[in-house]
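Let's take a walk through this one together. Keep the viewer open as you read, and click along.

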Amino acid sequence: MPKDERIYIGVDLGGTKILAAAFDSKLKLLATEKAKTPREADATSVVQALADVVRRLVAQAEASSGREIGGVGVSVPGPLDRAKGIVRYTPNMGFKDYKLGSELSSLFGAPVFLENDVQAGVYGELRAGALRGKLNAVGVFVGTGVGGGIVIDGKLYRGSTGSAGEVGHMILQEGGAACGCGNYGCLEALASRTAMAKDAIAQASTGKAPILFSVAGSDLRKCRSSVLFEAVEGGDKGVKKAVDRAASWLGVGLANLVHVLNPEAIVVGGGVVTRFGQKFLDRAIASMEDHLMPGLSGTAEILLSELGDLAVPTGAACIAIEGSRRDEDGPARDGGKR
Ligand SMILES: [Zn+2]
């Protein structure tokens, strides 16, 4: 079958859910499928669940198009060896130096490419979302944590060992809130949903967040973005303060990125931003402007994610499309361009 008529799959393999999407070779979305990631899972049951999602997706996409799989891109939340298709480690999913690429490749009978989840999200926005056509850009995703990716000259910048783009661990306030990485005052510890939730719960204990308290008590895990959003909309002053504070810190982070990288655009996405939308972003932009050096104001467009949840599967599918082309055409033919 000519490669341009095949379907390409992008999978976002996350700690809580698996989201997969099928595209044609021009990146037209054909179908999506999702499932919960098995809890307390070992690698075998995660692979099983992933394979089931992809089979259902292919059945759906083939029913409408009669096409074969040309390639699969899988994004994973953890360090990888992309060339060897090995997942070095993931929290909660039991992968440890796991040959996920070759295992999935023999299951699907198609080439499989692995990518870090945040990098895949930035790549999706670059190829098909808010960063389309940009050459120098940054992606910042605010959710449970804060992740990011850097685009230089139209390509993902990976750094010397592949870990570039850890924007969430820029230290903005030495001695500030504790971060999951062991440091204090990282952007992630100040602006993630977890940071907002901790702050909001502290406010609830002083009676300034009655709606949040009635829904979530002091359970951090129950303070999802939607719960925080509804508490703010309902008039919880304490929660609003926590969210505003996080947006302001995000702005400080954006100012740092503009100073260091001088990007033409920064796309901001993730669960928190999707839920709170442009208002949240506007507050972050105002704070960024407050912190920019003279002359840099207005040099970077700050954009909302266009692809939302589909950014990661879209980026993973792009990597599969480009990777399969490279495999068939030999090295250096595509030069990283679509
Ligand atoms: Zn950190």
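**A walk from the surface to the metal**

Let's start at E301, which is partly exposed at 41% relative accessibility. Before going further, keep in mind that this is a predicted model. The side chain of E301 meets that of K134 in a salt bridge, 3.0 Å from N to O. K134 sits in the loop between α3 (117–128) and β9 (137–142), while E301 belongs to strand β13 (residues 301–304), so the pair ties together parts that are 167 residues apart in sequence. As for K134, its relative accessibility is 18%, so it counts as buried.

That pairing has company: a search of the whole structure turns up 16 salt bridges. The general idea is simple, since side chains of opposite charge can pair when their charged atoms come close.

Now hop over to helix α8 (residues 237–261), where D244 and K240 are four residues apart, so about one helical turn separates them. An α-helix has 3.6 residues a turn, so residues three or four places apart point the same way. The side chains of D244 and K240 meet in a salt bridge at 2.8 Å, N to O. D244 is buried, with 18% relative accessible area, and K240 is partly exposed at 40%.

There is also a small charged network to look at: salt bridges with shared partners join D81, K84, R88, K96 and D97. Within it, D97 pairs with K96, with the closest N and O atoms 3.8 Å apart. How accessible is each of the two, K96 and D97? K96 is exposed at 59% relative accessibility, and D97 is partly exposed at 43%.

Next, trace helix α9 (residues 271–291). With 21 residues, a straight helix would reach 30 Å at 1.5 Å a residue, but the end C-alpha atoms of α9 are only 25 Å apart. Where is the kink in α9 centred? Look at G277: the kink there is about 110°. G277 is also one of the buried residues of α9, a list that includes V272, V273, F276, F280 and L281. What do the buried residues of α9 pack against? Their partners are β9, α5 (193–204), α7 (225–234), α8, β12 (265–269) and β13. Two of those names should ring a bell: β13 is the strand that holds E301, and α8 is the helix of D244 and K240.

On to the metal. The zinc ion is coordinated by ND1 of H169 and by the SG atoms of C179, C181 and C186, at 2.0 to 2.4 Å. The four donor atoms subtend angles of 105 to 123° around the zinc ion, which makes the arrangement tetrahedral. Along the sequence, the donor residues follow the spacing H-x9-C-x1-C-x4-C. H169 and C186 are 17 residues apart, and each lies in the loop between β11 (155–157) and α4 (187–191). Is C186 buried or exposed? C186 is buried, with a relative accessible area of 0%, while H169 is partly exposed at 27%.

One last stop is P77, in the loop between β4 (69–76) and β5 (80–81). P77 counts as partly exposed at 23% relative accessibility. Leaving out residues up to four places away in sequence, P77 touches L13, T90, P91, M93 and D117. For a sense of scale, the C-alpha atoms of P77 and S226 are separated by 23 Å, with their positions 149 residues apart along the chain.

Definitions and conventions. Residues numbered from 1 in each chain as written. Predicted model: local features only at pLDDT ≥ 70, side-chain atom pairs only at ≥ 80, totals over all residues. Heavy atoms only, no water. Salt bridge = Lys/Arg side-chain N within 4 Å of Asp/Glu carboxyl O. Buried < 20%, exposed > 50% of the residue type's maximum accessible area, 1.4 Å probe, protein only. Helix = DSSP H or I, 4+ residues; strand = E, 2+ residues; numbered from the N terminus. Expected span 1.5 Å × (residues − 1). Bend = angle between axes of the 7 residues up to and from the residue. Contact = heavy atoms within 4.5 Å. Donors = N, O, S within 2.8 Å, 3.2 Å for Na, K, Ca; no water. Tetrahedral: all angles 85-135°; square planar, octahedral: opposite > 155°, others 65-115°.
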